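Here are a few short exercises to help you find your way around. Have a go at each one before you read its solution.

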Amino acid sequence: GNYIGTDANGTTVLANPNSNSVGVLVDSSGHLIGGSAGVQSNVIGGYGTGVMTRFGTNVFILNNRIGLGADGVTNLPNQVWGIGLLSGGNFVHNNTITASSQAGVMLSGPTAQDNLVTTNTITQNPGVGIGLATTAGSRNNLVPNVFSQNGGLTIDLNFGDGPTANDVADGDAGPNDLQNFPIITGAAASGGSTIVSGVLDSTPSSTFIIHLFQNTGVCSVSGRGEGQALLGSFAVVTNANGTATFSVGLIGNVPAGAYLSATATDAVGSTSEVSPCFAVPVGPGTANLTFQVQPSTSAVGQVITPAVVVSALDAAGQPASNVQVTVGLTGTGRLSGTLTQATGAYGLATFNDLSVNAAGTGNTLQASAAGFLAATSAPCDITAAPAPPVANGLVSWWRAENNAIDSIGTNDGTLTNGTT
């Protein structure tokens, strides 16, 4: 292997190139970058982008350390992306990708389709794990990988717009067809295994592969899960309404307090964003609430989007329907909207009209219900409301002894009491 952008030890960046620089630029098909682990592995760091496929297909990027030194410890940051895929039909496997400012892996442009990005370790990137620009194509398979400690979303479809909400029957268009993600609704230990239940709402009468992941520590600040360890994968088929429910047993007990997350990949290979975190119940025999979709930063008086979602699990760790869940605010201001919602068939209560009337940082929501352990959300900020637009209908002045009527443009008004 080669040390690209580093000193002879592979632990120090030689220069500080600009953000447009690329360590390895591929403009044609059929190349191998890296190869067998160890002997053929490259160390690439200190560029704008470590590796970029600008044109070409059947490019294999295998077993490289991108943004990570030869010692396996030292970060060699790339200023923009670790790997940039601007073309299609390429394979990214078994790489370690770290310390990339915008994205560990970015797919961008209409020919960025039919790529396979799997079995990589994508960790400690200040930006997202994998991003798909709004211009990217579809059929990009993005799981399984090991995702941990990235600053942004694990997978970000429509890069830069934050978590993408699910839509009815998954009829929207965009990178990876903006594939809907599943929702985990329950988890319970049972005879040496863990039973995980959930639901996927997506394209009717279609087959999907669900990947389930376990995450230790805290949930991502985005409220979406990561993917530190793959627990398993299985197929589901949606009904004529686009709904598929699942309840699967996983070998071994998932530890209490761990977070579960999931993705959905359709039959042609388009992978969704990662689902909201699901906290495994702390102890048996305890009914509890969990924030499935965390509150996000919003402006004063504006509805918090995406909608906040709280799940209710009974003492057996299964979804509880018809539970009256109430949310309240700890922080600055007053919470408005419909503050009490009943859980539906999948144990989820959705709060889609919440807003706060004052700016503040570090606010949290509390969810409570009779007979259930309460839950506290991740912190979120409320920013000052945007300034109102400057009126531009009055384009001249005149003397007015009694009144004057502005009828120019759309900002009409009446000036009275001798105003000039």
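**Exercise 1.** In what order do the 6 strands of the open sheet lie, and which are its edge strands?

*Solution.* Keep in mind that this model is predicted. Step one: go across the open sheet and you get the order 1-4-7-10-13-15, with parallel pairing. Step two: look for strands that pair on one side only, and you land on strand 1 (3-4) and strand 15 (146-148), the edge strands. Step three: zoom in on strand 15, which is joined to strand 13 (residues 121-123) by 3 bridges, the two running parallel. One place to check this is T121, whose bridge partner in strand 15 is V146.

**Exercise 2.** Work out whether N150 is buried or exposed, and find what is in contact with it.

*Solution.* First, locate N150: look in the loop between strand 15 and strand 16 (155-157). Next, take its relative accessible area, 8%. Buried means under 20%, so N150 counts as buried. Then check its contacts, leaving aside neighbours within four places in sequence: among them are I122, T123, G127 and E226. N125 is also in contact with N150, and a polar contact of 3.0 Å joins the side chains of these two residues.

**Exercise 3.** Why is strand 24 said to be largely enclosed, and which way does it run relative to strand 26?

*Solution.* Start with burial: 6 of the 6 residues of strand 24 (residues 288-293) are buried, so the rest of the structure largely encloses this strand. Now the pairing: strand 24 and strand 26 (residues 308-313) are joined by 5 bridges and run antiparallel. To see the pairing up close, pick F291, which stands opposite V310 in strand 26.

How values were computed: Residues numbered from 1 in each chain as written. Predicted model: local features only at pLDDT ≥ 70, side-chain atom pairs only at ≥ 80, totals over all residues. Heavy atoms only, no water. Buried < 20%, exposed > 50% of the residue type's maximum accessible area, 1.4 Å probe, protein only. Helix = DSSP H or I, 4+ residues; strand = E, 2+ residues; numbered from the N terminus. Pairing = 2+ DSSP bridges. Polar contact = N/O pair within 3.5 Å; in protein donor to acceptor, adjacent residues only side chain to side chain. Contact = heavy atoms within 4.5 Å.
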